[in-house]
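Got the viewer open? Load the model below, and we'll walk through it one selection at a time.

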Amino acid sequence: MPWTEKDFIFKDNHYPSNRLEITEEAPSNIALVKYWGKYGLQRPMNPSISFTLSQSKTITKAILTPLGKPANKVSFKFYLDNRHQPAFEPKIARFFDLIHRYTPFVFQYDWQIYSHNTFPHSSGIASSASGFAALAKLIMNLEKQINPYQNALYYLQKTSFLARLGSGSAARSISGPVMLWGEHPQIAGTSDLYATLPDFDLHPVFQNFKDSIVLVETGQKKVSSTAGHALMDQHPFKNIRIQQAFDNVIKMNQILKTGDISHFIDIVEAEALGLHAMMMTSRPNYILMQPGTLQIIHSLRQIRKEHNIPVCFTLDAGANVHVLYPEGEKNKLQKIFFDNLEHKIIFDYL
Ligand code: PMV
């Protein structure tokens, strides 16, 4: 039986009263079947499934100083690459507000949080998934020091549960190589509250996959994911999209098990275009793809056809293109594709 929200409420009231230093890291992830639209408190309208990008991590250290008596809100400061970043703090404050019910011990300390991403800063790559996942791991590391009696699966699921409250897709940045988030009636153990690991081994074809990101645009997104998710509430194609994602999760599960790379390509690209189609048909509508995005998509499809390389693309809520391919194709793709691009590319993201 999946855990319920109540199972994650922490009841112990003993806390380490010494100064603590905890470091944790969490990977980024790229959705193969996309989460788009939410309800309630950060619950997804549809299940999603992702590859864990284990080379692209957020590493976070927290220095915890006991306050003596608990505060009524969490006292913290956030630093990225050793520089204080007040701009990130409202989102983190909201995260602490949402999680303190489940981890009341966070009130007992002052938190100095130092974060670093292994992927380039300001590259247009979202770090909120790995960032909140690293923070959730840190908090669970502390919970485990207070209460080491739960089983490993409980800690994994509660970590994902907490991370989700920071940013939905962070729920999938806890473990790997694949994570599935969102309840699916045909997949046992799945939950809207946290992501789970599939109950099968990833087919070897996908075990050495690479994700290289072509940076078409860097900087702040024009429309935030939060605003995009909200537009799904009244979207004319909402029900069709939800049904499609439920179907695609079942298909993708099968593909990841059997290694059917040609259907993998079909679904991954259809999901990426479907996500952007939702944006382009919402009210108001908006377009995040840029001319460079389309140009790259067209040339990738041409290369796939002409050279018979199993390469495909996916998109997040932005203009940058994630290029997915088996490691063995890297040199060939370098010569016939990456070297001819004028854009900056981040290799070895996965
Ligand atoms: O986690 P959020 O709220 O930033 O939403 C991310 C949604 C997509 O990246 C577009 C899709 C996904 O499943 O990761």
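Start by selecting Glu-269, Arg-301 and Arg-304: these three are linked in a network of salt bridges. A salt bridge here is a side-chain nitrogen of Lys or Arg within 4 Å of a carboxyl oxygen of Asp or Glu. Before going further, a word on what you're looking at: this is a predicted model, where local features need pLDDT of at least 70, side-chain atom pairs count only at pLDDT 80 or more, and totals for chains, interfaces and linings use all residues. Residues are numbered from 1 along each chain as its sequence is written, and side-chain values use heavy atoms, with hydrogens and water left out.

**The bridge between two helices**

Zoom in on Glu-269 and Arg-304, whose closest N and O atoms are 2.7 Å apart. The pair links distant parts of the chain, with Glu-269 in helix H7 (residues 261-280) and Arg-304 in helix H8 (residues 291-307), 35 residues apart. Helices (H or I, at least four residues) and strands (E, at least two) are DSSP runs, numbered from the N terminus. Is Glu-269 buried or exposed? With 3% relative accessibility, Glu-269 counts as buried; the cut-offs are under 20% relative accessible area for buried, over 50% for exposed, and partly exposed in between (1.4 Å probe, protein chains only).

**Along H8**

Now select all of H8. At 1.5 Å a residue, its 17 residues should span 24 Å, and the end C-alpha atoms are indeed 24 Å apart; the expected span is 1.5 Å times one less than the number of residues.

Colour the buried residues of H8 next: Gly-292, Thr-293, Ile-296, Ile-297, Leu-300, Ile-303 and Arg-304. They cover an arc of only 140 degrees around the axis, so they sit on the same side of H8; the arc is that of the directions from the helix axis to the C-beta atoms. Why can that happen? An α-helix has 3.6 residues a turn, so residues three or four places apart point the same way.

Spin the view to the face of H8 turned away from its buried side, and you'll find the exposed residues Pro-291, His-298, Lys-305 and Glu-306. What do the buried residues of H8 pack against? Their partners are strand S10 (209-215), H7, strand S11 (312-315), strand S12 (321-326) and helix H9 (330-336), with contact meaning heavy atoms within 4.5 Å. Just after H8 comes Asn-308, with a positive phi near 55 degrees.

**The sheet**

Move on to S11. Cys-312 and Thr-314 point one way from this strand, Phe-313 and Leu-315 point the other way, and all are buried. In a regular strand the side chains alternate between the two faces of the sheet.

Add S12 to the selection: S11 and S12 run antiparallel and are joined by four bridges, and they form a hairpin with five residues between them. (Two strands pair if DSSP finds at least two bridges between them.) To see one of those bridges, pick Thr-314 and its partner in S12, His-322.

Now show the whole open sheet, four strands in the order S11-S12-S10-S13 with antiparallel pairing. S11 and strand S13 (344-346) stand at the edges, each with a single partner strand, so one side of each has no neighbour in the sheet. From one strand to the next, the twist averages 30 degrees. S10 and S12 pair in the antiparallel sense over six bridges, and Lys-210 has Tyr-325 as its bridge partner in S12.

Bring the helices back. H7 packs on the sheet, touching S10, S11 and S12, and its direction makes about 30 degrees with that of S11. H8 also packs on the sheet, touching S10, S11 and S12, but its direction makes about 155 degrees with that of S11. These angles run from 0 to 180 degrees between N-to-C directions, with axes as lines fitted to C-alpha atoms, for helices over the stretch in contact.

**Other salt bridges**

How many salt bridges does a search of the whole structure find? The search finds seven. Select Glu-5 and Arg-101, whose closest N and O atoms are 3.2 Å apart. Glu-5 is in the segment before strand S1 (20-33) and Arg-101 in the loop between helix H1 (89-99) and strand S7 (109-117), 96 residues apart. Both are partly exposed, Glu-5 at 25% and Arg-101 at 44%.

Then try Glu-25 and Lys-57, with their closest N and O atoms 3.1 Å apart. Glu-25 lies in strand S1 and Lys-57 in strand S4 (residues 48-66), so the pair ties together parts that are 32 residues apart in sequence.

**Last stop**

Finish at Arg-283, in the loop between H7 and H8, which counts as exposed at 69% relative accessibility. Draw a line from Arg-283 to Pro-16: they are 267 residues apart in sequence and 51 Å apart in space, C-alpha to C-alpha.
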